[in-house]
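Q: Could you take me on a close look at one part of this structure, the nonpolar core? I'd like to see how it fits with the rest of the chain.

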Amino acid sequence: MNKTVTINNCKNCGYNIKDVNFCSNCGAKKITKRITFKNLLTEISEVYLNVDNTFIKTIRDLTIKPHLVIDDYINGVRKKHLNLPSYFLLSLTLSTILTFLKEKAFNIASESEKLDDQSETLKFFIEVTEKYPTLGYFLLIPFYSFISRFIFRKYKKYNFTEHIVINTYLIAHLTILTFIPYLISFSFGDYIEESSFVFLGIQAIYATFLFKNLYKIKYIKVIVKGLIGFLLILLIFIGLAVAMALSTKFLEEYGFLN
């Protein structure tokens, strides 16, 4: 059976596309191949993940030269690497799978279950962000972007929105890169706490490498600024925890919360 069909006019708008691959009127791609399982998989990957040779290239380049990938995206280059929304979507999917496997396949208790003596509000917040990692992503990226923009404000190379791009790439790539190592660590349930420090170290090293190359400054400066950023994050989280505890106590005292 012939696996190709002859297309003279665009199926979407009727414009003549006999000698071209894309319609110059509406931009639709000319489809000349009959639907097969292979073609269907290829189309799905192109639409949702844009997975072709750029996928492996994006992972490789974000690992060894992330500043070039990020600068390209900020400066309008879109074809050399997997676009940011697709890469972010892939990381969200893997993060959701990881959370599901952690609880269902490896029977590892969630962090909220370990907080026996903490407030119900704090436990609820942690439980929601664990079960719905997408929410955690959207909450953390603007927060991290604010911190990174603040500690690197002297250099004025990137604005706040560009820092959102930087931190989105940073978090998404670390999620994808550590997916399999996390699965392996789950098999050693008794040492899950210890392994989390290892992954925290990996994240710190990669972030230092990334910002060092983005700003073209020495490692020592990035480390000092990173420590300042860590202290800021710590103080903010302590402040939020105290405010949450006080508000919970207030609501319980006046009967608004059981």
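A: Here is a walk from the whole chain into its core and back out to the surface.

This is a predicted model, where local features need pLDDT of at least 70 and side-chain atom pairs count only at pLDDT 80 or more, while totals for chains, interfaces and linings use all residues. Residues are numbered from 1 along each chain as its sequence is written, and side-chain values use heavy atoms, with hydrogens and water left out.

The protein chain has 10 helices and 0 strands (DSSP runs numbered from the N terminus: H or I of at least four residues for helices, E of at least two for strands). Buried residues (under 20% relative accessible area with a 1.4 Å probe, protein chains only; exposed is over 50%, partly exposed in between) make up 33% of its 258 residues. Of the contacts (heavy atoms within 4.5 Å) with a separation of 6 or more, 62% join residues 24 or more positions apart.

Now for the core itself. A nonpolar core here is a set of buried Ala, Val, Leu, Ile, Met, Phe, Trp, Tyr and Cys residues joined through side-chain atoms within 4.5 Å. The largest one holds 36 residues, and Tyr-87, Ile-166, Tyr-169, Leu-170, Phe-211, Leu-214 and Tyr-215 touch the most other members. At least two residues each come from H2 (53-64), H3 (66-74), H4 (84-104), H6 (133-151), H7, H8, H9 (192-215) and H10. H7 gives the most, with 7 residues.

Zoom in on Leu-170: setting aside residues up to four places away in sequence, Leu-170 touches Tyr-206, Ala-207, Leu-210 and Phe-211. Apart from this core lies another, of 5 residues, including Cys-10 and Ile-17.

His-163 is worth a stop too. His-163 sits in H7 (residues 160-177) and counts as buried, at 0% relative accessibility. With the same sequence neighbours left out, His-163 touches Ser-145, Ser-148, Arg-149, Tyr-158, Phe-211 and Tyr-215.

Over in H8 (residues 179-186), the buried residues are Phe-179, Ser-185 and Phe-186. Down the H8 axis they fall within an arc of 120 degrees, so they line one face of the helix (the arc is taken from the directions from the helix axis to the C-beta atoms).

Last, the outside. Tyr-219 lies in H10 (residues 219-253) and is partly exposed, with a relative accessible area of 40%.
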